[in-house]
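User: I want to go through the terms applied to this model and see what each one rests on. Please set each value against its definition.

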Amino acid sequence: MAKYQQYAEYKDSGVEWLGEVPSDWDVVKIKHLSSVKRGASPRPIDDPKFFDDYGDYAWVRIADVSASDMYLLNTTQTMSALGSSLSVKLEPNELFLSIAGTVGKPCINKIKACIHDGFVYFPDLKIPNKYLFYIFAGEQAYKGLGKMGTQLNLNTDTVGDIKVALPKSKIDVQGIIDFLDHETAKIDSLIEKQQQLIQLLKEKRQAVISHAVTKGLNPNVPMKDSGVEWLGEVPEHWQFPRLKQLIQYGSSISYGIVQPGDALDEGVPFIQTTNISKGSFELEDFQKTSVSIESNYPRSRLEGGEVILGIRASIGAAFVVPMSFKGVNLSRGIARIIPNNLLRSDFLVWYFKSNTVDQYWGLSKQGSTFSEVSIETVRELNVVIPPLDEQETITKYLTDESNKFEKLINFAEKQKLLLLERRTALISAAVTGKIDVRNWQNPNNNNEAKTEFSA
């Protein structure tokens, strides 16, 4: 914040999160600026009579607010007349705050909306709602409040008792809002560019993987039609049998434990779809089941070196099993595959990562609550088989290329994180008076400063 001036004089606010504030600013509790009210939920909340595709009021979930920035523009559900009568209705341009899930996330609705008891709102706010929005967006005002164990738990009292700093001049309050609107918009644009770059890098990486494992590395190699619609042409000297023809003799493609029971402190560890989706492959991360339950599933007990494949929820996530996982088992959502001597395990994992195979899974998914593919679908998958030396070359190439992409993606993620941190720090500095923006001029607007509060 070095490029911004400070106020001439400061005073101790007596509030930890505020620190020193400009000497002519007031320090007031939110409840003295507005009453703090809680939303309400009809019960039971999943009763269909409370919802209507053509209702006048949108139903706001925590996920809707988490996915929004400053403004709530839409939701996935609308309330029926009965449902909205049992909830709390907000008209457009009202500020509300999440006190559950994404705790402390503020939002201004741009639509007629109903909020449940996971939110509080401010029905008679005496300052512009954008100013209070930015106070919460600075992510410091509620830190250390309402702690229940490790879970931050806000309510109407804790929110109402939060002390905030406020310039005496309405013009200065609006000036801070205008400054933050402009500066955060610039930062948001840079964040969006980083996000687009990350997405492009991921798409490029997927394209490189897909091309390498289905077309090879030689652009001049003769091609042939595989006869498989989702696979297309493959190099003429490659084969494309079904996966069930490429497993070790005497083994089978099998999924793991159907009902592992309650998690145990001691027992046999098993890998779940959450582990492979997050890539968290540490033994201490694995849930444990009893020896008696695990003994019924020798078909999915790991030896090390096999390929494991997500077939439920995290469909297509695949890894070569480390030798250190010998004796570990699998959950119902993961399949165990032992390739024969025609197929390298690491090449198979790269093949599973391709867009081509993802298209195959997409044609075969089943299940209404979550996606899954059957073991039979896995067995019937056509797998392209280059000669073993070519599999090795492709695997090495993809490992090297993927590492390059990963470095670029990680760098872009760090840049995005730095921008997000700068955004939050700038907001916090402005609403606590650590920077003086009274002389700031919007380069896009030469109009005179506003003198009246606006919601």
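**Terms and the values behind them**

Analyst: Ile 308 of strand β21 stands opposite Arg 336 in β24. The model is predicted, so local features need pLDDT of at least 70 and side-chain atom pairs count only at pLDDT 80 or more, while totals for chains, interfaces and linings use all residues. Residues are numbered from 1 along each chain as its sequence is written, and side-chain values use heavy atoms, with hydrogens and water left out.

User: How do you know that β21 and β24 pair, and which way do they run?

Analyst: Two strands pair if DSSP finds at least two bridges between them; a strand is a DSSP run of E of at least two residues, a helix a run of H or I of at least four, both numbered from the N terminus. Four bridges join β21 to β24 (334–337), and the two run antiparallel. β21 also has three bridges to β22 (318–320), again antiparallel, with Val 307 opposite Val 320. Both links therefore meet the cut-off of at least two bridges.

User: Are the residues of β21 buried or exposed?

Analyst: Val 307 and Leu 309 point one way, Ile 308 and Gly 310 the other, and all are buried. Buried means under 20% relative accessible area, exposed over 50%, and partly exposed in between, with a 1.4 Å probe and protein chains only.

User: What makes β4 and β6 edge strands?

Analyst: The open sheet has five strands in the order β4-β12-β9-β10-β6, with mixed pairing. β4 (37–38) and β6 (71–72) each pair on one side only.

User: What joins β9 to β12 and to β10?

Analyst: Three bridges join β9 (95–98) to β12 (119–121), antiparallel. Within that pair, Ser 98 has Phe 119 as its bridge partner, and Phe 96 stands opposite Tyr 121. Another three bridges join β9 to β10 (106–109), also antiparallel, where Leu 95 is partnered by Ile 108. Both faces of β9 are covered: Leu 95 and Leu 97 are buried on one side, and Phe 96 and Ser 98 on the other.

User: Why is α3 called largely enclosed?

Analyst: Nine of its nine residues are buried, so α3 is largely enclosed by the rest of the structure. Among them are Asn 129, Lys 130, Phe 133 and Tyr 134. Just after α3, Glu 139 takes a positive phi of about 60°.

User: What makes the pair of Phe 133 and Tyr 134 edge-to-face?

Analyst: Rings of Phe, Tyr and Trp (its six-membered ring) pair if their centres lie within 6.5 Å; planes under 30 degrees apart count as stacked, over 60 as edge-to-face, and the rest as tilted. By this rule the count comes to 12 aromatic pairs. Phe 133 and Tyr 134 are 5.5 Å apart centre to centre, with 75° between the planes, and form an edge-to-face pair. Both residues are buried.

User: And why is the pair of Tyr 360 and Trp 361 called tilted?

Analyst: The ring centres of Tyr 360 and Trp 361 are 5.4 Å apart and the planes stand at 55°, so the pair is tilted. Tyr 360 has 10% relative accessibility and counts as buried; Trp 361, at 1%, is buried too. Ring pairs link these two with Trp 230 and Phe 352 into a cluster.

User: How do you know that the charged end of Arg 332 sits over the ring of Tyr 255?

Analyst: The rule asks for NZ of Lys or CZ of Arg within 6 Å of the ring centre and within 35 degrees of the ring normal. The charged end of Arg 332 sits over the ring of Tyr 255, 4.2 Å from its centre. The charged end of Arg 299 sits over the ring of Tyr 255 as well, at 4.7 Å.

User: Why does Leu 388 count as partly exposed?

Analyst: Its relative accessibility is 40%, so Leu 388 falls between the buried and exposed limits. Leu 388 is found in helix α11. Its C-alpha atom is 7.3 Å from that of Arg 344, 44 residues apart along the chain.

User: What lines the largest pocket?

Analyst: A pocket is an open set of points on a 1 Å grid over the protein atoms alone, where a 1.4 Å probe fits, with protein on both sides within 12 Å along at least five of seven lines; lining residues have an atom within 4 Å of a point. The largest pocket has a volume of about 580 Å³, the volume being the space filled by probe spheres set on the points. It is lined by 23 residues, of which Ser 68, Asp 69, Lys 105, Leu 420 and Arg 423 lie nearest its centre. At least two lining residues come from each of α3 (129–137), α5 (170–215) and α11 (388–431). The lining divides into 10 nonpolar, six polar and seven charged residues.

Definitions and conventions
Nonpolar A, V, L, I, M, F, W, Y, C, P; charged D, E, K, R; others polar.
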